[in-house]
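Let's take a friendly walk through a protein model, looking at its charged pairs, its empty spaces and its surface. Keep the structure open as you read.

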Amino acid sequence: MPTMIFVNLPVKDIEAAKAFWVELGYSFNPQFSDDKTGCLVISDTIFAMLMTEARFGDFATKEVADATKTTEVMLALSADSREQVDEVLGAALAAGATEPRPAQDLGFMYGRAFEDLDGHVWEYVWMDPAAVQG
């Protein structure tokens with residue numbers, strides 16, 4: 001069985017967070033979602049557990065970071081093409097995200113980032129397969 005990752009993130013409004021990700025074309029696993037938690041399915045092995053701040057606090061042993069004021073993590077996901085990077089960012093911006101910096105274009109790698117409704121930083125990156133193999 002491949003290793004899976006479950007990234008846990010606090011959100012202010014679980015329904016707004018779910019709606020945001022649905023707008024980007026993602027789905028939620030209802031088996032692990034309720035009125036305080038949403039299990040965002042990113043791939044067969046990658047999930048983001050979006051939790052209300054109160055529910056997240058049930059698991060945290062430290063103060064919960066306010067992602068609108070501090071950077072707690074930057075999450076990077078691969079894209080199949082430069083066009084997909086731009087499509088995802090366009091959808092995210094239309095759904096209420098903000099873009100904290102200009103696109104990074106290194107020729108062999110192209111990436112853009114957005115901050116979701118709660119300030120979490122998500123990056124979508126395309127890398128030229130020939131450059132990765134070389």
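## Salt bridges

A salt bridge is a side-chain nitrogen of Lys or Arg within 4 Å of a carboxyl oxygen of Asp or Glu. Side chains of opposite charge can pair when their charged atoms come close. Please keep in mind that this is a predicted model. By this rule, the count here comes to eight salt bridges.

Start with Lys69 and Asp66, whose side chains meet in a salt bridge at 3.9 Å from N to O. The pair fits the rule because the cut-off is 4 Å. How accessible are the two partners? Lys69 counts as exposed, at 70% relative accessibility, while Asp66 counts as partly exposed, at 25%.

Another pair to find is Asp58 and Arg55, with their closest N and O atoms 3.1 Å apart. Asp58 is exposed, with a relative accessible area of 55%. Arg55 is partly exposed, with a relative accessible area of 31%.

## A pair that ties parts together

Now look for Asp86, which forms a salt bridge with Arg112; here the closest N and O atoms are 2.9 Å apart. Which parts of the chain does this pair connect? Asp86 belongs to helix H3 (residues 82-94) and Arg112 to strand E7 (residues 109-115), so the salt bridge ties together parts that are 26 residues apart in sequence.

Is Arg112 buried or exposed? Arg112 counts as buried, because its relative accessibility is 15% and the cut-off for buried is under 20%. Its partner Asp86 counts as partly exposed, at 31% relative accessibility. There is a further member to add to the picture: Asp86, Glu99 and Arg112 are linked in a network of salt bridges.

## The largest pocket

Next come the empty spaces. The largest pocket holds about 160 Å³ of space. Its lining includes Tyr26, Ile42, Ile46, Leu77 and Tyr124. Ser43, Ser78, Ala79, Asp80 and Gln84 are also among the residues that line this pocket. What kinds of residues make up the lining? They divide into six nonpolar, three polar and one charged.

## Two cavities

How many cavities of 30 Å³ or more does the structure hold? There are two cavities of that kind. The largest cavity has a volume of about 50 Å³. Among the residues lining the largest cavity are Pro10, Lys12, Glu53, Ala65 and His120. Asp66, the salt-bridge partner of Lys69, also lines the largest cavity. This lining divides into three nonpolar, two polar and four charged residues.

The second largest cavity has a volume of about 40 Å³. It is lined by Val11, Ala17, Phe20, Trp21, Leu50, Asp116, Leu117 and Asp118. Helix H1 (residues 14-23) gives the largest share of this lining, three residues. Six of the lining residues are nonpolar, none are polar and two are charged. Asp118 appears in the linings of both the largest cavity and the second largest cavity.

## A nonpolar patch on the surface

Finally, turn to the start of the chain. Which residues make a nonpolar surface patch of about 380 Å²? Met1, Met4 and Phe6 make this patch. Met1 lies in the segment before strand E1 (5-11). Met1 is exposed, with a relative accessible area of 89%, and it can belong to a patch because patch residues need over 30% relative accessible area.

Note on methods
Residues are numbered from 1 along each chain as its sequence is written. This is a predicted model: local features need pLDDT of at least 70, side-chain atom pairs count only at pLDDT 80 or more; totals for chains, interfaces and linings use all residues. Side-chain values use heavy atoms; hydrogens and water are left out. Patches are made of residues with over 30% relative accessible area and no salt bridge: like charges are joined within 9 Å, nonpolar side chains (Val, Leu, Ile, Met, Phe, Trp, Tyr) within 5 Å. Accessible areas come from the Shrake-Rupley method with a 1.4 Å probe; for residues, only the protein chains shown count as cover. Helices (H or I, at least four residues) and strands (E, at least two) are DSSP runs, numbered from the N terminus. Buried means under 20% relative accessible area, exposed over 50%, partly exposed in between (1.4 Å probe, protein chains only). On a 1 Å grid over the protein atoms alone, a cavity is a set of points where a 1.4 Å probe fits but cannot get out, and a pocket is an open set with protein on both sides within 12 Å along at least five of seven lines; lining residues have an atom within 4 Å of a point. Grid points are joined across faces, edges and corners, and a volume is the space filled by probe spheres set on the points. Ala, Val, Leu, Ile, Met, Phe, Trp, Tyr, Cys and Pro count as nonpolar, Asp, Glu, Lys and Arg as charged, and the others, Gly among them, as polar.
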